[in-house]
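Visitor: I'm new here and would like a tour. Could you take me through what is on display, and tell me what the terms mean as we go?

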Amino acid sequence: TDRYAVVGNPVEHSRSPAIHAMFAEQTGQTLTYERLLAPLDGFEAALKAFVAAGAKGCNITVPFKFDAFALAANRTERAQLGGAVNTLRFDADGWTGDNTDGAGLVNDIQKNTGRSLAGLQVLLVGAGGASAGALGALIAARPARVTLVNRTLDKAQALVASHAHLGVTLSAATLADAPAAQDIVINATSTSLAGAASPVDARVLKRGSLALDMMYGPKAQGFLDWAAAHGAEPRDGLGMLVEQAAEAFFFWRGVRPDTAPVLKALRATL
Ligand code: ATR
């Protein structure tokens, strides 16, 4: 049986095994998908042991997405652009790294909320690994403008510079200088916000804005409450999680699962 896993630290709360088990059942693919806890200083060794045991691929989560990028002999264009790898395929001729996070985000917004990003004003909050993985896919959906804001301005500027050639109006700013009245606001910071809180002021929203936090569960709640309190439509990161998993499944197996029933089932267990 083909073996896959999600590799991270911590990894015990990952929903990926449940998602991929549902995908496999739905598509009639025979595979196993487990959780693999790698020591903080032992990511490469853990991967090599997994490959030696016959693994075909893995997903990579915090904090190893940059290490996975460095270890991949081949990289897809979107992984190259984001500088991070969340999916590895262990091919006979080497490891290929992909990044399905951005496509997962865009597919969640466009398929699952029914909004087209084309022509919209998008605010991306945060400039760490999560933003880096998502920005290219957001741009590819042709919004009118993407503004990247971050506590540390340099990091937002660096991401804007590495994506400037993609031809969408793109700018960097501090959190305090976030533009008002955005159509879509995406929280990609790692802050877990207590109460009705957000790293940016509520003027970034307008009635009917979509306010999406890449996290799910209790960690997303503060941001979601804040969004709802200001007339926006809150959305957590569970849909993005399922959609990025579907992209990874396709990358490994060449089969595209139907995400809607999987998201519904997962939501029911949250
Ligand atoms: P991830 O892989 O989740 O993106 P990361 O690369 O460590 O994690 O990036 C964390 C992001 O959350 C960064 O944008 C960080 O801002 P800085 O670049 O200024 O560090 C942001 N972040 C973390 N804690 C924050 C806080 N208390 N307020 C605002 N932004 C915060």
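**Strands, helices and domains**

Guide: Let's start with strand β7 (residues 121–125) and β10, which pair in the parallel sense over four bridges. Bear in mind that this is a predicted model, where local features need pLDDT of at least 70, side-chain atom pairs count only at pLDDT 80 or more, and totals for chains, interfaces and linings use all residues. Residues are numbered from 1 along each chain as its sequence is written.

Visitor: What makes β7 and β10 a pair?

Guide: Two strands pair if DSSP finds at least two bridges between them. β7 and β10 have four bridges, so they are a pair. Leu123 stands opposite Val185 in β10. The names come from DSSP runs, numbered from the N terminus: helices are H or I with at least four residues, strands are E with at least two.

Visitor: Which strand does β10 run parallel to with four bridges, apart from β7?

Guide: Strand β11 (residues 210–213) is joined to β10 by four bridges, and the two run parallel. Here Val185 turns up again, opposite Ala211 in β11.

Visitor: How do you know which way the residues of β10 point?

Guide: Ile184 and Ile186 point one way, while Val185 and Asn187 point the other way. In a regular strand the side chains alternate between the two faces of the sheet.

Visitor: Why are those residues of β10 called buried?

Guide: A residue is buried if 20 or more other C-beta atoms lie within 10 Å of its own, exposed if 12 or fewer, and partly exposed in between, with C-beta atoms placed from the backbone. Ile184, Ile186, Val185 and Asn187 are all buried, so each of them meets the mark of 20 or more.

Visitor: What makes β8 mostly covered?

Guide: Five of the six residues of β8 are buried. Strand β8 also runs parallel to β7, joined by five bridges, and there Val149 of β8 is the bridge partner of Val125.

Visitor: How do you know that the buried residues of helix α7 share a side?

Guide: In α7 (residues 153–163), Ala156, Leu159 and His163 are buried. They cover an arc of only 65° around the axis, which puts them on the same side of α7. That arc is the one spanned by the directions from the helix axis to the C-beta atoms. An α-helix has 3.6 residues a turn, so residues three or four places apart point the same way. Asp154 and Ala161, on the other side of α7, are exposed.

Visitor: Why is Arg142 called partly exposed?

Guide: Arg142 has 14 C-beta neighbours inside 10 Å, so it falls in between the cut-offs for exposed and buried. Arg142 sits in the loop between α6 (129–140) and β8 (145–150), and has a positive phi of about 55° although it is not a glycine.

Visitor: And is Ala181 buried or exposed?

Guide: Exposed: Ala181 has 12 other C-beta atoms within 10 Å, so it meets the limit of 12 or fewer. Its phi is near 55°, a positive value in a residue other than glycine. Ala181 lies in the loop between β9 (169–174) and β10 (184–187).

Visitor: Where are the cis peptide bonds at Pro10 and Pro63?

Guide: One joins Asn9 and Pro10, with omega about 5°, and Pro10 is in the loop between β1 (2–8) and α1 (16–27). Another runs from Val62 to Pro63, with omega near 0°, and Pro63 lies in the loop between β3 (55–60) and α3 (65–71).

Visitor: What makes β2 and β4 edge strands?

Guide: They belong to an open sheet of six strands in the order β2-β1-β3-β5-β6-β4, with mixed pairing. β2 (31–37) and β4 (74–75) each pair on one side only. In that sheet's order we also find β5 and β6: five bridges join β5 (residues 87–91) to β6 (residues 94–98), running antiparallel.

Visitor: How is the protein divided into domains?

Guide: Domain 1 is 2–99 + 239–269 and domain 2 is 102–236, bounds that come from an automatic or database domain assignment. The contact takes 15 residues from each of domain 1 and domain 2, where contact puts two C-beta atoms, placed from the backbone, within 7 Å.
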